[in-house]
Protein chains: 2
Amino acid sequence: MPYLNISHKDRLSQAGLRPTKQRLRLSEWLFTGEDKHFTAEQLHRDVKDGTEPVSLATVYNTLSAFTRAGLLKTVTVDSNRVYYDTNTDAHYHFYDEDGLVLSDIDSRGIEITGLPDLPVGADVERIDIIIRTRKN
Amino acid sequence: MPYLNISHKDRLSQAGLRPTKQRLRLSEWLFTGEDKHFTAEQLHRDVKDGTEPVSLATVYNTLSAFTRAGLLKTVTVDSNRVYYDTNTDAHYHFYDEDGLVLSDIDSRGIEITGLPDLPVGADVERIDIIIRTRKN
DNA sequence: TTACATGCAAACTGTTTGCAAATAT
DNA sequence: ATATTTGCAAACAGTTTGCATGTAA
């Protein structure tokens with residue numbers, strides 16, 4: 001949550017995105033309440049009906065635009081679908097492989113030691129840590 | 001490399017898989033030389049021509065069978081395709097996002113501290129660490 | 001001779017795209 | 001007035017599957 005009480009319209013403007021009805025509806029769904037982990041399909045299910053329905057194509061277009069603008073991040077945990085995360089800070093994830101549910105790991109205090117040198121000519125773009133869990 | 005000099009035929013038998021020509025050809029490609037990281041498409045490109053060609057469907061079927069049998073592991077780094085790894089030990093990866101090439105991280109000495117408690121009812125299935133790099 | 005493997009083509013899933021109509025600036 | 005966005009339907013990529021033929025046990 002980069003700004004605590006920014007309006008949905010302002011968030012879009014600041015990201016250089018026109019505040020259309022669909023984007024405002026999606027922004028509302030995404031950036032109200034706690035951080036969210038979801039797929040395009042899940043989001044579409046929630047916004048395809050109602051006063052201001054949003055089509056699947058627009059959901060995809062908008063998720064890409066939001067991600068390009070830095071409002072969202074993608075998380076690669078399943079090679080069949082893309083997960084999105086409203087938390088754009090560096091952090092790690094639990095992935096419940098039974099329920100297919102992602103959740104944040106509280107990163108405070110995590111330390112990784114003993115990592116080897118990078119391949120020459122390479123810069124770290126980001127580090128992903130996913131703890132995959134199953135019900136016991 | 002679980003057994004140093006096991007024959008391809010024996011490897012299949014021990015995994016409970018019939019040693020067909022196609023599987024032997026794939027086993028040869030996979031388990032000769034150093035550990036490999038690859039996609040189904042890349043493997044198919046290399047085995048679709050030659051004396052004993054292997055079809056794309058069989059490549060997919062066989063990769064699934066080998067993975068189920070524990071001869072291969074999948075690596076989730078890209079939500080568009082599945083990567084396979086002949087190294088089935090617990091270890092981590094570099095992913096070159098420019099070249100789309102996976103490589104192993106030497107895990108010896110890596111330590112992660114400060115991880116939070118698991119969600120209740122959950123067991124760790126595995127921990128994935130991917131260091132994503134870009135050319136500098 | 002019976003169960004399993006192969007391979008083609010068709011099906012399927014998640015995602016992207018072309019384009020005409022609608023909307024924001 | 002102009003550029004951008006929407007949303008349908010069609011296209012697309014990677015993967016899976018149905019089924020007839022072939023092969024291993």
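Biologist: Which element supplies the largest share of the surface near DNA strand C?

Modeller: The largest share, 3 residues, comes from H4(A), where "near" means that a heavy atom of the residue lies within 4 Å of the strand. Helices are DSSP runs of H or I with at least four residues, and strands are runs of E with at least two, both numbered from the N terminus. Please keep in mind that this is a predicted model, in which local features need pLDDT of at least 70 and side-chain atom pairs count only at pLDDT 80 or more, whereas totals for chains, interfaces and linings use all residues. Residues are numbered from 1 along each chain as its sequence is written, chains are lettered from A and ligands numbered from 1 in the order in which they are written, and side-chain values use heavy atoms, with hydrogens and water left out.

Biologist: How many residues surround DNA strand C, and which are the closest?

Modeller: There are 17 residues around DNA strand C, the closest being Tyr60(A), Asn80(A), Val82(A), Thr20(B) and Gln22(B). Of the atoms of this strand that come within 4 Å of the protein, 77% belong to sugar and phosphate. By class, the surface has 7 nonpolar, 6 polar and 4 charged residues; here Ala, Val, Leu, Ile, Met, Phe, Trp, Tyr, Cys and Pro count as nonpolar, Asp, Glu, Lys and Arg as charged, and the others, Gly among them, as polar.

Biologist: Which polar contacts should I look for on DNA strand C?

Modeller: A polar contact is a pair of N or O atoms within 3.5 Å. A phosphate oxygen of DNA strand C lies 2.7 Å from a backbone N or O atom of Val82(A), and a side-chain N or O atom of Thr20(B) is likewise 2.7 Å from a phosphate oxygen of that strand. For the side chain of Thr58(B), the distance to a phosphate oxygen is 2.9 Å.

Biologist: Which residues come nearest to DNA strand D?

Modeller: Among 17 residues around DNA strand D, the nearest are Thr20(A), Gln22(A), Thr58(A), Tyr60(B) and Val82(B). Sugar and phosphate make up 78% of its atoms within 4 Å of the protein. Side-chain N or O atoms of Thr20(A) and Arg81(B) stand 2.6 Å and 2.8 Å, respectively, from a phosphate oxygen of DNA strand D.

Biologist: In what order do the strands of the sheet run?

Modeller: Two strands pair if DSSP finds at least two bridges between them. In this structure 6 strands form an open sheet with mixed pairing, in the order S5(A)-S4(A)-S7(A)-S7(B)-S4(B)-S5(B). S5 (101-105) of chain A and S5 (101-105) of chain B stand at the edges with a single partner strand each, so one side of each has no neighbour in the sheet.

Biologist: How many salt bridges are there over all chains?

Modeller: Side chains of opposite charge can pair when their charged atoms come close. The criterion is a side-chain nitrogen of Lys or Arg within 4 Å of a carboxyl oxygen of Asp or Glu, and the search finds 20 over all chains. One of them joins Glu97(A) to Arg132(A), with the closest N and O atoms 3.1 Å apart. Glu97(A) lies in the loop between S4 (92-96) and S5 of chain A and Arg132(A) in S7 (residues 122-135) of chain A, so the pair ties together parts 35 residues apart in sequence.

Biologist: Is Arg132(A) buried or exposed?

Modeller: Arg132(A) is buried, at a relative accessible area of 4%; buried means under 20%, exposed over 50%, and partly exposed in between (1.4 Å probe, protein chains only). Arg134(A), at 32%, is partly exposed.

Technical notes. A polar contact is a pair of N or O atoms within 3.5 Å; within protein, one must be able to donate a hydrogen and the other to accept it, and residues adjacent in sequence count only if both atoms are side-chain atoms.
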